[in-house]
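Here is a quick tour of one model, with an eye on charged pairs and empty spaces. Have the structure open and follow along.

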Amino acid sequence: MMRDQVLFSWMPRHFSLFPVEYVFEIYDFIEGMNDIDLVSNYEPLVKIETNGLSYFYNEADGQLINNHRYKAIVKVIDKNNNLRFYNEGYSESIEFTLMTKICKKRDRPYVHILNQQ
């Protein structure tokens, strides 16, 4: 059971001369499915809209299962609808497994990144 938060963060690949919003999404990992098919055909387990470059996931966003594989992806959206982004604004996804690290006082969640480059 998670009692803490896990920080997800990302770096923009555009110049910040215009207002943008980021949509952070977490999906179940499906073996062999590419990112485009995943976001086109499945609903995210977690979907957060933010102006920032990071997000603290917590249980209120939806319960993720310990030792289960997920994909996280970020989409950038131009708030003025004037610009188009490569790949329709979607980032490359990361595959991760939520793990629980056992500490003396309590369990602490962390994310194990599987395809970190």
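What follows takes the salt bridges, then the cavity and a pocket, then one edge of strand pairing.

Keep in mind that this is a predicted model.

**Charged pairs**

How many salt bridges does the model have? The count comes to three, and here they are side by side.

| Pair | Closest N to O distance |
|---|---|
| Glu31 and Arg69 | 3.7 Å |
| Lys71 and Asp35 | 2.9 Å |
| Arg69 and Glu95 | 2.6 Å |

Let's start with Glu31 and Arg69, whose closest N and O atoms are 3.7 Å apart. Glu31 sits in the loop between strand E2 (20-28) and H1, while Arg69 belongs to strand E5, so this pair ties together parts that are 38 residues apart in sequence. Is Glu31 buried or exposed? Glu31 is exposed, at a relative accessible area of 62%. Arg69 comes out as partly exposed, with 33% relative accessibility.

Arg69 also has a salt bridge to Glu95, at 2.6 Å from N to O. Glu95 is in strand E6 (residues 94-102) and Arg69 in strand E5, so here the parts tied together are 26 residues apart in sequence. Glu95 counts as buried because its relative accessibility is 13%, and the cut-off for buried is under 20%. Through shared partners, salt bridges join Glu31, Arg69 and Glu95 into one network.

The remaining row of the table is Lys71 with Asp35, at 2.9 Å between the closest N and O atoms. Since Lys71 lies in strand E5 and Asp35 in helix H1, the pair ties together parts that are 36 residues apart in sequence. Lys71 is buried, with a relative accessible area of 11%. Asp35, at 22%, is classed as partly exposed.

**The cavity**

Now for the enclosed space. There is one cavity of 30 Å³ or more, and the largest cavity has a volume of about 40 Å³. Which residues line the largest cavity? The lining is made up of Tyr27, Asp35, Leu38, Val39, Lys71, Ala72, Ile73 and Ser93. Helix H1 (35-41) and strand E5 (69-78) are the elements that give two or more residues to that lining. By class, the lining splits into five nonpolar residues, one polar and two charged. Asp35 and Lys71 are both in that lining, and these two residues form a salt bridge with each other.

**A pocket**

Turning to open space, the second largest pocket holds about 160 Å³. Its lining consists of Lys75, Val76, Ile77, Asp78, Asn81, Asn82, Leu83, Arg84, Phe85, Glu88 and Gly89. How many of these residues are nonpolar, polar and charged? The lining of the second largest pocket has four nonpolar, three polar and four charged residues.

**Strand E1**

Last stop: strand E1 (residues 6-9), where the side chains alternate. Val6 and Phe8 point to one face and are buried, whereas Leu7 and Ser9 point to the other face and are not buried. E1 pairs with strand E4 (residues 54-57) in the antiparallel sense, over four bridges. If you want a spot to look at in that pairing, try Ser9, which stands opposite Ser54 in E4.

How values were computed:
Residues are numbered from 1 along each chain as its sequence is written. This is a predicted model: local features need pLDDT of at least 70, side-chain atom pairs count only at pLDDT 80 or more; totals for chains, interfaces and linings use all residues. Side-chain values use heavy atoms; hydrogens and water are left out. Buried means under 20% relative accessible area, exposed over 50%, partly exposed in between (1.4 Å probe, protein chains only). Two strands pair if DSSP finds at least two bridges between them. On a 1 Å grid over the protein atoms alone, a cavity is a set of points where a 1.4 Å probe fits but cannot get out, and a pocket is an open set with protein on both sides within 12 Å along at least five of seven lines; lining residues have an atom within 4 Å of a point. Grid points are joined across faces, edges and corners, and a volume is the space filled by probe spheres set on the points. Ala, Val, Leu, Ile, Met, Phe, Trp, Tyr, Cys and Pro count as nonpolar, Asp, Glu, Lys and Arg as charged, and the others, Gly among them, as polar. A salt bridge is a side-chain nitrogen of Lys or Arg within 4 Å of a carboxyl oxygen of Asp or Glu.
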